[in-house]
Amino acid sequence: MKKLATAVSIGLAIGVCQQALAQETVEKGKSVVIEIPVDSDTACNIEVTRGGEKTNVSVDPKSKKGVYEFAGRELGEETIRWEGKMKFRGLKTLGPCRGDGSITVTTIEPGSNNATASVESAPAASDSAENPATETASAVTPPQQVQPPPPAASENFQVFSRKGEYGYEMLKKLDGSTVFADPSQLRTDQSFCPITLSQSYDQAGLAAVLSAMPLQLNEVFSSKGVKNNVKFSAVECIRGSGNNLNLGGSAPLVVVQQSAVVQLSGVPGFDRYAPFGVIDGNALMATAKRLADEKAEALAAVASRNDELMRLADQKSKEKIGSITLAYPRGSENLRLCTRKGDETFQLATNGYFATKKLRLSEGYIDAAVEKKSRLNRKSPITTVYENLDDFYLAIQRDPSVCEVYVDYPENLKILADALKEKPYELNTLVPVTELKNDWAVGQGYPDFEMYELTKSIGGDARLAEQLVSFNVTDTQSFNDAVNRMINEGYSQEQSGRTVISFLSDEKTGTETKKSAVAVRDERVRLAEIEEKKRAEKAKAAAAARAAAEAERNKPLQKSRLKPGTTYKWYDDSSCKNTDSEQCLNKNQYQQMCGWAGGLTVNVRRMAAVMFRSPYSQFLAEGGELTNIDYGWNSRIGQCRVSWSIVGMFKGTNVRENFSGYASNFIVTSNGKILIHYVSGR
């Protein structure tokens, strides 16, 4: 019977089953060399874990072995594990080996028998073809001499989802298919447990299939109403103890090879899952091939980029600028982009590196920036400029979070890469300086860098560049041609941007009217002078009218010509405004009205009473006796002063409330009597 195997993603080597080496022994205080067999045609790296220690071990493609030295420290057994992991060494970066495994090493008392230093891979007791036990990612694989059959390239995979409260809430359509009840409530990250028959795929085939599954699962989710991509990650779910297996874990999805469904149906725990969808085998393999091709292209691009960096660095070339990514964005703040001080060309080029819509950085960095909602000021993207490369290197040692991406010439990038040693980083694309300067100029609103330099030389900006382009002046040559025409026609000797724009505008008008630019200019100037004269005359007439009106307004009032129903006002802060029913007074007119006043309106008493609480305010407004009324012009302070008193019995008590202020409003009654209508202040 074929055995089932769960496939999980480990580093970059996805779904590779584990190897178990025979147990090793070593005397305390001595060392033993462990040779780890790895089937690889290229140099690669594995990470060996011993307790909390992690060691990178390079694998030689000729011997197909990695050598790890184990030193016996404490008596007893220790399990040494390894897995393929990327080793970041700048230009000497090693990719991960395919495979993972473990070995138990026993440290014994000195003088005991030791096992040999080199140990070959050997199958465990449960690794026979007859054993029906299920292999998991931590189970053993068949002996290396047993070759698996060709992959079942086009076999479908059945997708099952958890039932009950831990599953998805689904709705059934009329045709019997299902959709998510509310796709917006789904987590954007989901886990799945992939299960295959152990002999169906070799390590490379299994890795290819697993790399394509997340994309195919997104297709399944899309068919059920999910609009945005979901991030899927593979996990283990098969648990085994001897010959007893069960489907455990909390993965909401199980993705099973078609030919393994029947065998899996008898495994305890599988009854928690129900059919959810199907992944087409042909589509899966097509996706796997596409991803493999993309990965191969990316690796080739990285290798080419490394070679280019080495070559340009050795030449001390300043024709291109590149960058190194040290960390991914971690929050919604501005992207932390850094460089050093340099000349104007260097400054413009480093800013231009981030001026394009699609950043010249890895997809991983861009995805992280989008996920974290990081910000980028494209007009001024560099967040920190260091004095020199050494200052930058010291800064990231003190605080690695100060910079995510560093930009510089190849020579300095190589120096930085060598200094980083074991620290991971990404070498991004190298771009010609001329292209970067042009991208910067476009980002600032110029058509290109040449127009930036041109407008800068004539004291202009992006707006001037836009105007020049509207007259088909797109480079230095066409600008010089326009200047020469302007001088030859006698238009002007001045070569400022504003003058050239005027010439080009008049030249265009002249072409339409069959006149020279000079004639158009002269006619334009003549008409402008006429218009200016008209405007001056109109402004002069308006000023005279305002002066006449002001003079009329400031004439002494004639009592007989005062308008009944009109309020005459004087404000000491010049805030008074004339309306149809209100007329402002100057100081002399205010004094006149004060002298003509013949009493107070009831409004004076009522408005003064509002400053008190009810019911006392009502008493002051309507009760008691209004007495001691006095008003007249006070020459010392230049105001029409008013005072009065309210006396009477309020709640059984004799009260007297005195009021004073200055008159600010006067009204004229129908019979021509002038009364004070409002008193300000107290």
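Colleague: Where is P615 found, and what form does the peptide bond from S614 to P615 take?
Modeller: In this predicted model, P615 is found in the loop between α15 and α16. Most peptide bonds are trans. The bond from S614 to P615 has omega near 10 degrees. That bond is cis.

Colleague: F612 lies in that loop too. What kind of pair do the rings of F612 and F659 form?
Modeller: The ring centres of F612 and F659 are 6.0 Å apart. Their planes stand at 75 degrees, and over 60 counts as edge-to-face. So the F612 and F659 pair is edge-to-face.

Colleague: Which parts of the chain does the pair of F612 and F659 link?
Modeller: F612 is in the loop between α15 (602–609) and α16 (616–622). F659 is 47 residues away in sequence. The partner of the loop is strand β31 (residues 653–668).

Colleague: Is F659 buried or exposed?
Modeller: Start with F612, which is partly exposed at a relative accessible area of 21%. F659 has 5% relative accessibility. Buried means under 20%, so F659 counts as buried.

Colleague: Which residues join F612 and F659 in a cluster?
Modeller: Ring pairs make the links in this cluster. Besides F612 and F659, the members are Y616, F619, W644 and F650.

Colleague: How many aromatic pairs does the structure hold, and what is the centre-to-centre distance for Y491 and F503?
Modeller: The structure holds 27 aromatic pairs. Y491 and F503 form an edge-to-face pair, with 70 degrees between the planes. Their centres are separated by 5.1 Å.

Colleague: Why does the pair of Y491 and F503 tie parts of the chain together?
Modeller: Y491 lies in the loop between α11 (476–488) and α12 (497–513). F503 lies in helix α12, so the pair ties that loop to the helix. The separation in sequence is 12 residues.

Colleague: What are the relative accessibilities of Y491 and F503?
Modeller: Buried means under 20%. Y491 counts as buried at 7%. F503 is buried as well, at 0%.

Colleague: Which residue lies over the face of Y491?
Modeller: The ring of Y491 has a charged partner. The distance is 4.8 Å from the ring centre. The residue over the face is R521.

Colleague: Where is D506, and how long is the polar contact between the side chains of D506 and Y491?
Modeller: D506 is placed in helix α12. At 3% relative accessibility, D506 counts as buried. A polar contact joins its side chain to that of Y491, at 2.5 Å.

Colleague: Leaving aside neighbours within four places in sequence, which residues is D506 in contact with?
Modeller: Y491 is one of them. R521, which lies over the face of Y491, is another contact of D506. The rest of the list is A517, V520 and R524.

Colleague: Why do the buried residues of helix α7 lie on the same side?
Modeller: The buried residues of α7 (residues 410–420) are P410, N412, L413, L416, A417 and L420. An α-helix has 3.6 residues a turn, so residues three or four places apart point the same way. The buried residues of α7 are on the same side because they cover an arc of only 160 degrees.

Colleague: What covers the buried residues of α7?
Modeller: The cover includes helices and strands. The helices include α3 and α6 (389–398). The strands include β21, β22 (337–340) and β24 (405–408).

Colleague: Which residue follows α7, and what is its phi?
Modeller: Most residues other than glycine have a negative phi. K421 follows α7 with a positive phi. The value is near 55 degrees.

Colleague: Where are K316 and N628 placed?
Modeller: K316 has a positive phi near 55 degrees, and N628 has a positive phi of about 55 degrees. Neither K316 nor N628 is a glycine. K316 is found in the loop between α3 and β21 (320–325). N628 is in strand β29 (residues 625–634).

Colleague: How far apart in space are A301 and T429, C-alpha to C-alpha?
Modeller: A301 is found in helix α3 (residues 281–314). In sequence, A301 and T429 are 128 residues apart. In space, the separation is 9.1 Å.

Note on methods: Residues numbered from 1 in each chain as written. Predicted model: local features only at pLDDT ≥ 70, side-chain atom pairs only at ≥ 80, totals over all residues. Heavy atoms only, no water. Helix = DSSP H or I, 4+ residues; strand = E, 2+ residues; numbered from the N terminus. Phe/Tyr/Trp six-rings, centres within 6.5 Å; stacked < 30°, edge-to-face > 60°. Buried < 20%, exposed > 50% of the residue type's maximum accessible area, 1.4 Å probe, protein only. Lys NZ or Arg CZ within 6 Å of the ring centre and 35° of its normal. Polar contact = N/O pair within 3.5 Å; in protein donor to acceptor, adjacent residues only side chain to side chain. Contact = heavy atoms within 4.5 Å. Arc of directions from axis to C-beta.
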